[in-house]
Amino acid sequence: MSSTDLTFPVLLLLALPFLAFGAIAGMGSFLRASVGWVAAAFTAAGLGLSLLLFLSPESVQMQYDWIRLGPYVLTLSLRVDSLAGIMLLLVHAVALLVQVYSIAYMHDDPNRSRYFAFLQLFIFSMLGILLSGSLLLMYIFWELVGLSSYLLIGFWHHKPRAVWAAKKAFILNRIGDAAFLTGILLLLHHTGTTDFTALPSALSVLSPGLLTAIGLCLFGGCVGKSAQFPLSAWLPDAMEGPTPVSALIHAATMVAAGIFLLARISFLLTPTAQVVIACIGTITMLHGAWLALRAWDIKRVLAYSTISQLGLMVVAVGLGSWQTAMFHLLTHAFFKAGLFLSAGSVIHALHPTETQTNFDPQNMRTMGGLRTVMPRTFWCFVICAAALSGLPLLSGFLSKDAIFLAAFASTASLGSVAYVFAALAILAAGLTAYYMTRQVWLIFFGKKRYSAASVHPHESPALMWIPMAILAVGTLFFWYSSNPFEAESGWLFRVLQYAPDVHSVWVPMVSVAVTVSGIGFAWQKATGTRNFLADAGEDESPNWRLLAQQIFNRLRLLAEHSEETQQHIFFLGPLQKIARACAYIENRGIDTLVNRLSRYMVVVAHVLSWADRYLTDGGVRAVSYSVRGAGAVVRQFQNGKIQSYFLVTFVSVLLLLLWVLVI
Amino acid sequence: MREHLLTLLIFLPLTGALLALVWPAHRSRNLRLLTLSICLLEVVLSGFLYTNFDFSTGRYPYSELYDWITLPLGSLGTVSIDYALAVDGISLPLVLLATSIMLVGAISSWTITARPKAYFALYLLLSGTVVGCFLAQDFFLFYLFFEFMLLPMYFLIGLWGGPRREYAAIKFFVYTFLGSLLILIVMIGLYLSAIDPLETARAAGWLLAGELPSEGLISKVQQALAQGVLLPEQLVHTFRFEYLADPANYLPDAWLNPISGIFLGETSVRVLAFWLLFAGFAVKLPVVPVHTWLPDAHVEAPTPISVVLAGILLKIGGYGFIRIVHGFFPNEALDSSVPLAILAMISIVYGGFNALAQYDLKKMIAYSSISHMGFVLLGIAALTAEGLNGAIYQMVSHGVLSAMLFLLAGVLSDRTHNRQIDHYRGLIGRMPRYTVLTGIAFFASLGLPGFSGFVGELFTLMGAFRAGQIPIWIPAVSTVGIVLAAAYFLWTLQRMFFGEFWYRKSEDAALLTDLSPREMSLLMVLALATLLLGLFPNTVFSITGPTVQAWLDSLN
């Protein structure tokens with residue numbers, strides 16, 4: 001098939017969700033309950049098309065001259081290659097499942113049609129990012145994705161927190177985008193193009209320092225969208241949106257756009273830029289994992305975990321192996337979407353009756369024992385959690401293992417510092433296993449902690465659990481590789497033309513050991529006397545009273561430590577302390593910093609505004625007063641007395657004469 | 001008619017203004033129909049301008065030129081003021097913008113009931129002078145229109161404005177008037193320094209009346225001028241743009257001669273003149289720190305006047321930079337790029353911060369205007385093709401968007417006479433259509449791709465990045481303005497429109513009704529315009545591109 005034959009399918013692929021958006025926005029009230037099915041049908045068609053594109057052997061490139069300024073032409077180009085093909089399949093597949101799920105999840109929401117319209121708008125913008133052939137076009141869709149994320153986080157616009165979170169997400173993303181745009185403009189200035197095909201040859205004119213700067217500026221876009229340190233604070237708050245949205249946008253697809261961007265621009269990252277990226281990724285990975293250790297909101301745990309996993313992917317890119325990052329992106333999308341949908345199922349089940357409004361269905365303190373009530377949800381959740389933790393036979397193991405191997409392989413280019421990254425990545429994997437076990441235990445095991453009077457948990461309808469089940473099945477190893485312990489033989493690396501040159505038996509063994517011990521420690525803690533619920537009083541954002549109590553508890557803990565088991569002292573004790581410190585940094589540090597920064601921004605704005613009013617404006621007023629003063633002086637001459645008029649005239653004539661005579 | 005289209009564009013509204021003055025008082029309600037039809041006709045006429053525009057040369061093929069005032073002053077030479085009109089790629093987008101925004105303003109003036117005769121007469125006068133500003137090719141004529149614009153504006157703010165209208169009107173007047181004084185000084189200086197070579201040839205007897213100028217005549221006169229052969233009585237001084245822009249037309253010993261360069265102490269007189277002229281137009285744009293008239297004028301002005309003020313009048317500042325300041329002082333402009341770009345950066349960031357601190361919706365929009373017009377200055381300071389085209393594009397884009405924003409603010413003040421942001425919450429519950437259109441306007445203004453704001457910012461920034469003389473940190477810091485724009489627009493959206501409905505004066509809550517069909521259609525058209533401009537920016541760039549390129553080539 002020649003590439004021209006594919007022009008139409010590519011355009012159609014992009015047009016489908018936009019048409020759906022228009023149709024649903026325009027005829028939403030007419031479609032009523034079937035609106036979700038219409039949306040899902042459009043996405044299903046898109047899935048078919050993207051499968052066709054993926055299977056066609058050639059890559060497509062098309063161009064459109066957007067702006068002509070004499071000799072200068074700004075071209076927008078679309079591009080479909082294997083990388084985009086994989087992502088197209090992924091986005092469509094997850095979007096389709098999430099929309100089917102949403103039909104049931106949102107069935108009694110009066111604004112359903114707006115919801116599905118926004119989802120289609122999101123799919124349109126996301127596909128735009130994937131199909132972009134140049135950074136400029138990608139930036140355009142990048143911003144549109146930001147818009148649809150804003151609209152969907154703030155979907156329940158009557159909830160002040162949701163609107164606040166939407167705004168926060170957009171602004172933090174904008175900070176990253178400003179850097180992204182600066183990078184694009186620098187590239188345009190120095191090379192004249194941002195086209196992915198033309199760039200590699202055009203880069204030779206750039207000095208390494210400049211290239212590093214450009215790479216880091218572009219990475220800024222990823223920091224915003226993929227919630228990397230220090231712009232990560234928006235992602236947990238984005239959980240205010242509907243849960244299927246969290247699954248699709250804030251776990252599986254949009255947040256992965258940053259990784260996709262890095263994969264696209266991997267050729268221009270200099271070693272210096274790579275190390276910086278790997279460091280940021282490492283900080284994000286550990287920071288996210290530690291925060292997940294002590295979150296109590298079912299969705300926030302998953303959100304922190306997403307931050308941590310995105311950090312891992314960024315580390316992989318930083319270590320020069322974007323293919324493994326893409327692999328983890330792919331597997332993560334499936335099991336994280338599955339986890340979110342299962343969490344949504346739990347939230348849906350725990351929704352209190354109208355009379356009791358103070359019950360929080362997302363609080364894991366008041367769950368427990370749901371295993372027997374919702375067995376399907378339980379199994380889906382557990383399988384996806386196991387995949388996330390990296391247990392063998394599941395996809396997460398394969399992709400994480402590939403990243404660990406790549407990290408060790410990168411010692412060849414980066415030197416021994418790469419061992420640190422690899423070790424920290426394995427540590428983060430252990431933490432992941434720990435917090436996921438904690439979450440599974442808190443939700444599904446133990447005694448039930450909700451009051452039965454108002455809450456009647458039940459298994460979710462088929463429309464909800466079937467998508468969950470599909471995603472759970474999608475985490476099995478054989479979809480990705482015939483060998484459950486090695487990803488190398490899988491189709492993905494073949495498609496991406498990646499052949500890892502390091503083989504190791506002990507890396508998977510160590511990582512499995514760390515994972516299993518993470519689960520083990522968590523299980524021991526869960527079944528022990530001081531289980532997770534003992535810390536249940538601690539909130540994520542303590543007020544001063546809770547803080548005082550915490551300090552007291554901490555002092556008591558110090559005294560008790562001598563009697564604790566050894567593992568508590570050497571592993572979990574310090575761990576939880578670091579976790580607390582991290583939460584402290586997050587809440588008191590970064591979050592407060594961001595909040596303070598925004599507050600200071602307003603303060604600065606007010607100070608400037610004050611200066612504007614009294615200094616700048618005051619200066620102007622001083623001038624006007626002095627003019628008025630001069631006017632008053634002049635006015636004195638016009639006092640109606642003939643004598644003074646005469647005086648003025650006389651003096652003037654005298655001066656005039658003087659001027660004429662002298663000059 | 002095509003030959004006199006330009007004159008028609010100016011004098012149609014002026015005739016309308018006279019007509020309004022003699023309109024029978026008991027029929028004065030019909031005046032709004034008259035104004036509306038004249039503005040509509042203006043749009044159609046400027047549409048002809050567009051269809052007849054020659055895209056390859058970047059000119060409207062018919063210009064108009066008449067001797068207006070010729071006054072021989074003996075040894076002081078001859079004063080020559082011409083009635084010269086023309087349209088090129090720089091002015092055409094702004095003329096189209098001006099007539100369209102005037103139409104929008106006329107529609108939104110529908111509700112004006114106080115003293116309609118005076119109002120519509122002044123409005124039509126304003127309309128004519130604004131168009132005149134963009135068409136004039138003679139500095140004196142331009143200055144005449146420029147000054148005449150102040151008069152209707154002063155009264156429109158001072159008589160139909162809000163509670164502090166007198167203060168705002170006088171502030172507006174004093175500011176702009178001081179600005180135009182600076183322009184006047186330089187204008188006289190330029191006039192004394194340059195001659196009209198053709199008229200001079202006539203005065204010298206080298207060209208007989210009725211004879212067509214031969215090929216090398218102009219350069220012959222210019223050579224004679226440079227050698228000092230011409231007698232003072234033979235010199236015909238001129239205000240014509242095309243002659244002022246050519247260094248060869250300057251007297252060898254003139255103060256503003258580009259080559260000889262006379263110094264006052266350490267500074268060249270030309271540099272001084274450049275900054276005076278810059279300051280004059282900077283008031284209009286406005287550039288921080290001479291911007292403080294703008295928020296007051298906007299807050300007090302009635303809605304249609306705010307629309308016109310932000311939509312067109314600010315653009316005359318930017319137009320003046322390109323045509324006059326940078327047109328006559330290109331080398332000085334190039335040398336001053338860095339301070340100009342820094343001023344632009346300060347305007348962008350400072351305006352953005354101030355917008356963030358406002359509690360009054362109109363004031364917030366006014367400060368956002370300052371921030372957005374900073375991008376115009378940034379593009380102009382760059383003196384690159386991208387920057388200049390981007391600056392013109394940004395002016396058009398901001399014209400549409402600010403018109404939309406002030407109309408939206410007007411919707412609220414029409415209903416409750418209260419524009420305090422923190423007095424409202426959850427307007428989406430009461431006014432869903434209003435909320436959607438506000439959302440579109442806000443997102444378009446904060447530079448969402450697909451709408452026009454993005455292209456303007458992209459190109460002005462790109463121009464600044466590509467300008468060799470401007471250090472890269474200036475445009476890089478300017479991108480903070482983009483972040484700030486998101487912050488103040490979305491914060492306003494959050495505070496006013498989302499959440500549960502609440503209004504401070506709960507007894508007046510019933511006044512908050514959704515958009516009327518008139519408001520709705522007007523806003524929809526503007527939203528469509530910004531969308532189309534954003535998707536197909538080449539509609540503007542194809543007009544401006546050739547002219548800007550020719551202009552840049554003439555500099556080198």
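Okay, one definition before anything else: when I call a residue buried, I mean that 20 or more other C-beta atoms lie within 10 Å of its own. With that in hand, here's chain B: buried residues make up 58% of its 556 residues. And please keep in mind that this is a predicted model.

Let's stay with chain B for a bit. It has 23 helices and seven strands. Its radius of gyration is 24 Å, close to the 24 Å the globule rule gives for 556 residues, so chain B is as compact as a globular protein of that length. If you lay the C-alpha trace of chain B along its principal axes, you get spans of about 80 × 60 × 40 Å. Take the contacts in chain B between residues at least 6 apart in sequence, and 80% of them join residues at least 24 apart.

What does UniProt have to say about chain B? An unreviewed entry there lists residues 136-192 and 268-479 under "domain: NADH:quinone oxidoreductase/Mrp antiporter transmembrane". In the model, residues 136-192 of chain B come out as 88% helix and 0% strand, with the end C-alpha atoms 20 Å apart. Residues 268-479 of chain B are 80% helix and 1% strand, and there the end C-alpha atoms lie 34 Å apart.

Two backbone spots in chain B are worth clicking on. The peptide bond from L285(B) to P286(B) is cis, with omega near -5°, and P286(B) sits in the loop between α10 and α11 of chain B. Then there's L383(B), not a glycine, yet with a positive phi near 55°. You'll find L383(B) in the loop between α15 and α16 of chain B. Is L383(B) buried or exposed? It has 23 C-beta neighbours inside 10 Å, so L383(B) counts as buried.

Over to chain A. This one has 25 helices and two strands, and 51% of its 663 residues are buried. UniProt, again in an unreviewed entry, annotates residues 66-116 of chain A as "domain: NADH-Ubiquinone oxidoreductase (complex I) chain 5 N-terminal". That stretch of chain A is 57% helix and 25% strand.

Let me zoom in on one helix, α16(A), residues 375-389. At 1.5 Å a residue, its 15 residues should span 21 Å, and the end C-alpha atoms are indeed 21 Å apart. The helix is mostly covered, with 11 of the 15 residues buried, among them F378(A), F381(A) and C384(A). Just after α16(A), G390(A) takes a positive phi of about 95°. A little further on, L393(A) also has a positive phi, about 80°, although it isn't a glycine. L393(A) lies in the loop between α16 and α17 of chain A, and with 14 C-beta neighbours inside 10 Å it counts as partly exposed.

Chain A has a cis peptide bond as well: it joins F229(A) and P230(A), with omega about 0°.

Now the core. The largest nonpolar core has 424 residues, and those with the most contacts inside it include V94(A), C384(A) and L377(B). Leaving aside neighbours within four places in sequence, V94(A) is in contact with L248(A), A252(A), T253(A), A333(A) and A337(A).

Last stop: where the chains meet. The contact takes 39 residues from chain A and 39 residues from chain B. Which helix of chain A gives the most to the side that touches chain B? That's α6(A), with 15 residues. By class, that side of chain A has 23 nonpolar, 10 polar and six charged residues.

Definitions and conventions:
Residues are numbered from 1 along each chain as its sequence is written. Chains are lettered from A and ligands numbered from 1 in the order in which they are written. This is a predicted model: local features need pLDDT of at least 70, side-chain atom pairs count only at pLDDT 80 or more; totals for chains, interfaces and linings use all residues. A nonpolar core is a set of buried Ala, Val, Leu, Ile, Met, Phe, Trp, Tyr and Cys residues joined through C-beta atoms within 7 Å. A residue is buried if 20 or more other C-beta atoms lie within 10 Å of its own, exposed if 12 or fewer, and partly exposed in between; C-beta atoms are placed from the backbone. Two residues are in contact if their C-beta atoms, placed from the backbone, lie within 7 Å. UniProt positions are given in the numbering used here, feature names are shortened, and annotations may be inferred rather than shown by experiment. Helices (H or I, at least four residues) and strands (E, at least two) are DSSP runs, numbered from the N terminus. Ala, Val, Leu, Ile, Met, Phe, Trp, Tyr, Cys and Pro count as nonpolar, Asp, Glu, Lys and Arg as charged, and the others, Gly among them, as polar. The expected span of a helix is 1.5 Å times one less than its number of residues. The radius of gyration is taken over C-alpha atoms; the globule rule is 2.2 Å times the number of residues to the power 0.38.
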